[in-house]
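This report takes up the cysteines of the protein and then the surroundings of its ligand. Please keep the sequence and the structure in view while reading.

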Amino acid sequence: MSIISNSLKRIKPSPTIAVTQKARELKAAGKDVIGLGAGEPDFDTPDNIKNAAIEAIKKGETKYTAVDGTSALKQAVVNKFKRENNLEYSIENVTVGTGGKQVIYNAFMATLNKGDEVIIPAPYWVSYPDMVLLAGGKPKIVKCNEYDGFKLTPKNLKKAITKKTKWLILNSPSNPTGVSYTKDEIENLSKVLIKNKNIYILSDDIYEHVVYDNFNFFTIAQISKLKNRTLTMNGVSKSYAMTGWRIGYAAGPKDIINAIRKIQSQSTSNPSSISQAAAVEALNGTQDFINTRSNAFKERRDFVVNKLNKIKGMSCIKPNGAFYVFPSCRKLLNKKTKLKSDKDFVEKLLEYSNVAVVPGSAFGLEGYFRISYATSMENLKIALERISNFCENLN
Ligand code: PLP
């Protein structure tokens with residue numbers, strides 16, 4: 001008999017972390033690999049935030065805090081939702097966890113019974129289906145095609161709903177495609193959700209501040225009829241280049257928030273007290289960093305998308321958020337190139353051209369791959385040259 005539990009056998013390790021690890025190993029072995037797999041900003045955490053953490057250490061803020069966050073941080077989250085999204089919450093509606101990842105995991109552990117379905121539009125962030133499976137739920141994957149901008153349509157949403165549907169996950173801007181839902185698109189999805197009164201919505205807004213071209217970010221809790229059924233998750237990882245600090249948060253109905261607290265109290269307890277102090281400064285302090293950083297990302301996005309679209313057999317839509325693009329390599333999968341799948345493409349690209357990217361199938365949509373442009377322009381120039389040469393030699 002295996003020591004490993006049945007629930008663990010249902011899941012797989014994160015494929016994006018695996019690619020990053022593989023690229024690291026090849027680099028350590030002396031290969032000149034460029035990793036375009038990372039899901040984190042390459043910028044450093046701003047100084048004002050670092051200094052707030054140093055101050056917290058000096059002041060002795062080094063003890064346990066309230067399980068799901070200090071009142072100072074919860075208040076900063078309440079203010080953030082009011083200031084940026086025009087959403088009113090009280091601190092009882094807010095929970096803080098060790099990264100957005102923990103908040104989502106806890107939310108599913110707290111709410112899913114065996115067989116409950118969670119609608120996950122694909123391509124999706126790799127962790128959603130596995131988290132649902134771990135919690136005993138059933139991921140209901142809805143493929144969203146390129147012609148719909150990789151977005152869920154009201155028609156496809158309607159088709160996916162059953163009596164067992166408990167949650168819908170919306171992630172905008174999206175990992176892995178970078179596409180974002182407009183206010184109109186969210187309003188159209190809302191019409192279906194308002195009619196289906198038992199469905200809750202998990203809105204993953206972690207890339208809210210990584211948007212371009214004056215995109216007007218809109219989140220589904222702003223639809224008043226859905227606010228009391230929406231858990232809006234966000235965090236400081238991507239907005240303030242704080243992935244290692246591990247602070248994520250959510251606002252939503254008190255019963256869910258209380259259930260999340262209960263799980264956290266019996267598992268990890270509070271997120272790091274020092275990281276919480278840093279997150280207070282991130283949310284309350286100057287927001288200048290966001291614009292400077294977004295301008296740099298925008299330049300990289302434009303460069304990458306233009307280059308990709310010049311490659312024969314490749315096409316890439318220009319997304320307005322996050323730091324990913326999701327080009328199609330479908331036309332390169334054929335007898336002549338001897339490539340059968342996106343996995344083949346990605347493996348050969350790494351083997352022959354030393355560029356690490358993640359296959360679309362890891363995100364639930366085959367025939368594509370994800371590039372993270374959260375790396376320097378120099379790296380991107382070399383990487384795109386290599387991808388271009390690799391594809392030319394295939395053709
Ligand atoms: N949601 C999405 C879509 C992500 O891409 C990530 C991180 O990669 C997270 C949530 C979790 O972020 P963190 O746990 O660093 O706050």
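In this predicted model, the sulfur of C144 has its closest cysteine sulfur in C316, and because the two are 17 Å apart, they are too far from each other for a bond. C316 is likewise in no disulfide, since the nearest cysteine sulfur to its own, that of C329, is 11 Å away, whereas a disulfide would require the two sulfur atoms to lie within 2.5 Å. By this rule the count of disulfides comes to zero. As for their surroundings, C144 is buried, with a relative accessible area of 1%, and C316 is also buried, with a relative accessible area of 6%.

Turning to the ligand, the shell around the molecule consists of 13 residues, of which the closest are G100, D204, Y207, K238 and R246. Helix 5, which spans residues 99-111, gives the most to this shell, contributing three residues. The space that the ligand takes up is the largest pocket.

Polar atoms of the protein that lie by oxygen atoms of the ligand include the following.

| Residue | Protein atom | Distance to a ligand oxygen atom |
|---|---|---|
| K101 | backbone N or O atom | 3.0 Å |
| Y207 | side-chain N or O atom | 2.8 Å |
| R246 | polar side-chain atom | 2.7 Å |

Beyond these contacts, the ligand on its own has 400 Å² of accessible area, and the protein covers 92% of it. Y207 and R246, whose side chains appear in the table, are also among the residues closest to the ligand.

Conventions. Residues numbered from 1 in each chain as written. Predicted model: local features only at pLDDT ≥ 70, side-chain atom pairs only at ≥ 80, totals over all residues. Heavy atoms only, no water. Buried < 20%, exposed > 50% of the residue type's maximum accessible area, 1.4 Å probe, protein only. Near = heavy atom within 4 Å. Polar contact = N/O pair within 3.5 Å; in protein donor to acceptor, adjacent residues only side chain to side chain. Areas by Shrake-Rupley, 256 points an atom, 1.4 Å probe, with all protein chains shown as cover. 1 Å grid on protein atoms, 1.4 Å probe; cavity = no way out; pocket = protein on both sides within 12 Å on 5 of 7 lines; lining within 4 Å. Sits in = over half its atoms within 2 Å of the grid points. Helix = DSSP H or I, 4+ residues; strand = E, 2+ residues; numbered from the N terminus.
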